[in-house]
Amino acid sequence: MPKHIAIYPGAFDPITKGHIDVITRSFKLFDELIIAVATDSGKDPLFSVEDRVRIIKNETKKYKKVKVESFDGLLTKYVKKKKAAVVVRGLRVISDFEHEFQMALTNRKLDPEIETVFMMTAESYAPVSSRLVKEIARLGGELRDFVTPGVKKELLRVFKIKAKARSK
């Protein structure tokens, strides 16, 4: 039987417990999951792409079915290059759906052989976004419900460096 490979693309700046929830539930559907960290997400990332890949590899090292790498360019070309046919997209709240649906339709127009699977994150992670996590970390709030201890450590390290730079 052919191997079912899925791509889970995103900025992952940083990876949250919601992302990890989608990753672990993807194992029920796919033989292999490639977490594809976008080098150019159109956002101003806190972490470099190399740091995001490193952090995600550390957070997912116990999962044998996961590969982590960066990509640039069109997602549809990357999916083909990896011999995958499915893109996994996580949904937290209804407002995510409109944007994700538009991207899925665009990807289908670019390559009709690629399917998009939407996965709802667990209800407890619905309010969690990378943007909010960064804001909570920047303001010194508690992060345990949103990210793993390893990601929390990375966030605090970066904000400590930024605070030192500002004070000079």
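Reader: In this predicted model, which residue does the side chain of Arg25 meet in a salt bridge?

Author: In this predicted model, the side chain of Arg25 takes part in a salt bridge with an N to O distance of 3.3 Å. Both partners belong to helix H1 (residues 17-26), where they lie 4 residues apart, about one turn of the helix. The residue that meets Arg25 in this way is Asp21.

Reader: Is Asp21 buried or exposed, given that its partner Arg25 has a relative accessible area of 25%?

Author: Arg25, at 25%, is partly exposed. Buried means under 20% relative accessible area, and Asp21 has a relative accessibility of 12%. Asp21 therefore counts as buried.

Reader: How many residues apart in sequence are the parts that Glu69 and Lys82 tie together?

Author: Glu69 and Lys82 form a salt bridge in which the closest N and O atoms are 2.7 Å apart. Glu69 lies in strand S3 (residues 66-71), whereas Lys82 lies in the loop between H3 and S4, so the pair ties together separate parts of the sequence. Glu69 is partly exposed with a relative accessible area of 22%, and Lys82 counts as partly exposed at 24%. The separation of the parts tied together is 13 residues.

Reader: In which helix do Arg138 and Glu135 both lie?

Author: The side chains of Arg138 and Glu135 meet in a salt bridge with an N to O distance of 2.7 Å. Arg138 is partly exposed, with a relative accessible area of 45%, and Glu135 also counts as partly exposed, at 36%. The two residues are 3 residues apart, about one turn of the helix, and that helix is H5.

Reader: Why do the buried residues of H5 lie on the same side of the helix?

Author: In helix H5 (residues 130-138), the buried residues are Ser130, Val133, Lys134 and Ala137. They are placed on the same side of H5 because the arc that they cover around the axis is only 100°.

Reader: What phi does Gly140 take?

Author: Gly140 comes just after H5, the helix that spans residues 130-138. The phi of Gly140 is positive, at about 80°.

Reader: How far apart are the end C-alpha atoms of helix H4?

Author: Helix H4 (residues 94-110) has 17 residues, and at 1.5 Å a residue these should span 24 Å. The distance between its end C-alpha atoms agrees with that expectation, being 25 Å.

Reader: Which elements do the buried residues of H4 pack against?

Author: The residues of H4 that are buried are Asp96, Glu100, Ala104 and Asn107. These buried residues pack against one helix and two strands, namely helix H3 (75-81), strand S4 (86-91) and strand S5 (115-120).

Reader: Is the pair formed by the rings of Phe97 and Phe101 stacked or edge-to-face?

Author: The structure holds 5 aromatic pairs. In the pair of Phe97 and Phe101, the ring centres are 5.3 Å apart and the planes stand at 20°. Planes under 30 degrees apart meet the criterion, so the pair is stacked.

Reader: Which residues are linked into a cluster by ring pairs?

Author: Phe97 and Phe101 are 4 residues apart in helix H4, and are therefore separated by about one helical turn. Phe97 counts as partly exposed at 37% relative accessibility, and Phe101 is partly exposed with a relative accessible area of 39%. The cluster linked by ring pairs is made up of Phe97, Phe101 and Phe118.

Reader: Which residues are linked in a network of salt bridges?

Author: The count for the structure comes to 15 salt bridges. The residues linked in a network are Asp51, Arg54, Glu154 and Arg157.

Technical notes. Residues are numbered from 1 along each chain as its sequence is written. This is a predicted model: local features need pLDDT of at least 70, side-chain atom pairs count only at pLDDT 80 or more; totals for chains, interfaces and linings use all residues. Side-chain values use heavy atoms; hydrogens and water are left out. Buried means under 20% relative accessible area, exposed over 50%, partly exposed in between (1.4 Å probe, protein chains only). The arc is that of the directions from the helix axis to the C-beta atoms. The expected span of a helix is 1.5 Å times one less than its number of residues. Contact means heavy atoms within 4.5 Å. Rings of Phe, Tyr and Trp (its six-membered ring) pair if their centres lie within 6.5 Å; planes under 30 degrees apart count as stacked, over 60 as edge-to-face and the rest as tilted. A salt bridge is a side-chain nitrogen of Lys or Arg within 4 Å of a carboxyl oxygen of Asp or Glu.
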